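Below is a short set of questions and answers on a protein model. The topics are a pocket, a loop residue, a helix and several salt bridges.

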Amino acid sequence: MSPDFSLDPAAPAPRHAPDGLLPPDDPQRATLHNEVHSRPSARIRVPALIVQVAVLNEGVTREMECAHLRRLPGQQGLAPEQLNGNFLRLRFADHTVKWERHTEFTGYVIVQPLPDAALLGAQAPDLLSAPAVAPEWLRGIPGRTVAAIQLALVTGDLSDERALMSLGQTWFGGHTLVASQLGNGHSWALTEFRIGADGFERMLVIAPPGTTDTRAGRIAQRLLELETYRLMALRGLPVAKALGPMLSQAESALSDITARLENKSASDQDLLDTLVSLAAQVERATAEHSYRFAATRAYDTLVGQRITELREKAIPGTQMLGEFMQRRLSPAMATVAATGQRLVSLSERISRASALLRTRVDIATEVQNQQLLEKLTRGQELQLRLQSTVEGLSIAAISYYVVSLLLYGGKALKASGVPVNPEIATGALIPLVLWAVWRTTRRIHARIHAP
């Protein structure tokens, strides 16, 4: 019997409460509610073949992907608006094509009948001897391939583990396998984690007769997501390795700057120029790669979740999928995490060195300001003394002119017949004149300096 590729039932449309029972809906309520139904699992009847191609979608628009999907038979009327939900499943006579767009990659999944020559017991079968889609269509998918997987779902007797393992090895051409019992024994998953000559990895799932379509769909989806997320998580490893030499050089340069700062063997300007250049280099690396490191952590988390969902049980003498993957993946993720932490730590150390240099510059500036203030204070004191001297001379000069006027006045009075001695009278008034001029000067100062 050929596989059943029927779609999951569509999620029911939200029903709004009668008027008066609820406040008005938030504009995003229906969208958020239906998010759990946005990527439904396929219902797959065993035996079946699932072909997944995941491509990086940087620079690839939805319009380009829609144009490629329109190349499928009968899809010429496909509108770009139908891709707004990031998920689309197209049904054909004997197969389905699923399009699913993620942040960094887009997945194309074709579910089709498994060739009879590829059932359990076959030896290294050709899975795409009768492809459901044209090879030219697969080659023309816009983007760069990051994962390509052929997953075969077959039925078999799970009671004899040794015989089943032998059949699995024969199916993979005698290669060393990684295998697990899934769901505590309801099915087997086998793979070699190698890219074949056709560019695809191969996975084999052996399920007992009577396995439900929904269970088969969930198993396939988890395995495909597990491998795709593993590869996406590993995209941070080349970045981490490339940053290693730069970080080592930057750490050495920072250590040298700190030593010169401690020994005061360089001018503040030279240290500042070197530190600014180093900080710019580190900040540029942070800006360019912080997203990659964050994405790696997110994908690694998803890998861990999918491994947990498989609920693996060991097959004697064979390494489990999750064990193999974590043993190979954990060192890579540790390298990425360590590199990200080195980048953050280096940025913080540069900030502390900058703070130290800034403190030293501030202290030097404060000392210079203090010296300048002392010079200004001494200048003001000299100016005050000079001003006091000038004021004293001014009082003497003004008094001299006033006394001279009084003397001329006395002489004028004597000439007019007044019996007065101008010299004696003027001499007697000199103390009074001095006091009056001094007193007047003090009053003028008081008015000038009054608040």
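Ala, Val, Leu, Ile, Met, Phe, Trp, Tyr, Cys and Pro count as nonpolar, Asp, Glu, Lys and Arg as charged, and the others, Gly among them, as polar. The model is predicted.

Q: How many residues of each class are in the lining of the largest pocket?
A: The largest pocket holds about 270 Å³ of space. Its lining is made of 14 residues, and those closest to the centre are Val-53, Leu-138, Arg-139, Asp-198 and Phe-200. By class, the lining divides into two charged, three polar and nine nonpolar residues.

Q: Which element gives the largest share of the lining of the largest pocket?
A: About 270 Å³ of space lies in this pocket. Two or more lining residues come from each of S1, helix H3 (135-139) and strand S5 (144-155). The largest share is three residues, and the element that gives them is H3.

Q: Is Val-60 buried or exposed?
A: Val-60 sits in the loop between strand S1 (48-56) and helix H2 (62-69). Beyond its neighbours within four places in sequence, Val-60 is in contact with Glu-65, Arg-101, Pro-142 and Gly-143. The C-alpha atoms of Val-60 and Pro-142 are 6.7 Å apart, although 82 residues separate the two along the chain. The cut-off for buried is under 20% relative accessible area, and Val-60, at 8%, is therefore buried.

Q: Within what arc do the buried residues of H4 fall?
A: In helix H4 (residues 161-171), the buried residues are Leu-164, Met-165, Gly-168 and Trp-171. They line one face of the helix, because seen down the axis of H4 they fall within an arc of 120 degrees.

Q: Which strands do the buried residues of H4 pack against?
A: Leu-164, Met-165, Gly-168 and Trp-171 are buried in H4. Just after this helix, Gly-173 has a positive phi of about 80 degrees. The strands that the buried residues of H4 pack against are S5, S6 (178-182), S7 (187-191) and S8 (201-207).

Q: How far apart are the closest N and O atoms of Glu-136 and Arg-139?
A: Glu-136 and Arg-139 are separated by about one helical turn, because they are three residues apart in helix H3. Glu-136 is partly exposed at 47% relative accessibility, whereas Arg-139 is exposed at 63%. The two form a salt bridge, and its closest N and O atoms are separated by 3.6 Å.

Q: What is the N to O distance in the salt bridge of Arg-29 and Asp-25?
A: Arg-29 is partly exposed, with a relative accessible area of 44%. Asp-25 is also partly exposed, at 33%. The structure holds 13 salt bridges. In the one between the side chains of Arg-29 and Asp-25, the N to O distance is 2.9 Å.

Q: Which residues are joined with Arg-222 and Glu-309 into one network by salt bridges that share partners?
A: Arg-222 and Glu-309 form a salt bridge with their closest N and O atoms 3.7 Å apart. Arg-222 lies in helix H5 (residues 213-233) and Glu-309 in helix H7 (residues 268-310), so the pair ties together parts 87 residues apart in sequence. Arg-222 is partly exposed at 26% relative accessibility, and Glu-309 is partly exposed at 31%. Through shared partners, salt bridges join Arg-222 and Glu-309 into one network with Glu-225 and Arg-306.

Definitions and conventions:
Residues numbered from 1 in each chain as written. Predicted model: local features only at pLDDT ≥ 70, side-chain atom pairs only at ≥ 80, totals over all residues. Heavy atoms only, no water. Helix = DSSP H or I, 4+ residues; strand = E, 2+ residues; numbered from the N terminus. Buried < 20%, exposed > 50% of the residue type's maximum accessible area, 1.4 Å probe, protein only. Contact = heavy atoms within 4.5 Å. 1 Å grid on protein atoms, 1.4 Å probe; cavity = no way out; pocket = protein on both sides within 12 Å on 5 of 7 lines; lining within 4 Å. Points joined across faces, edges and corners; volume = space filled by probe spheres on them. Arc of directions from axis to C-beta. Salt bridge = Lys/Arg side-chain N within 4 Å of Asp/Glu carboxyl O.
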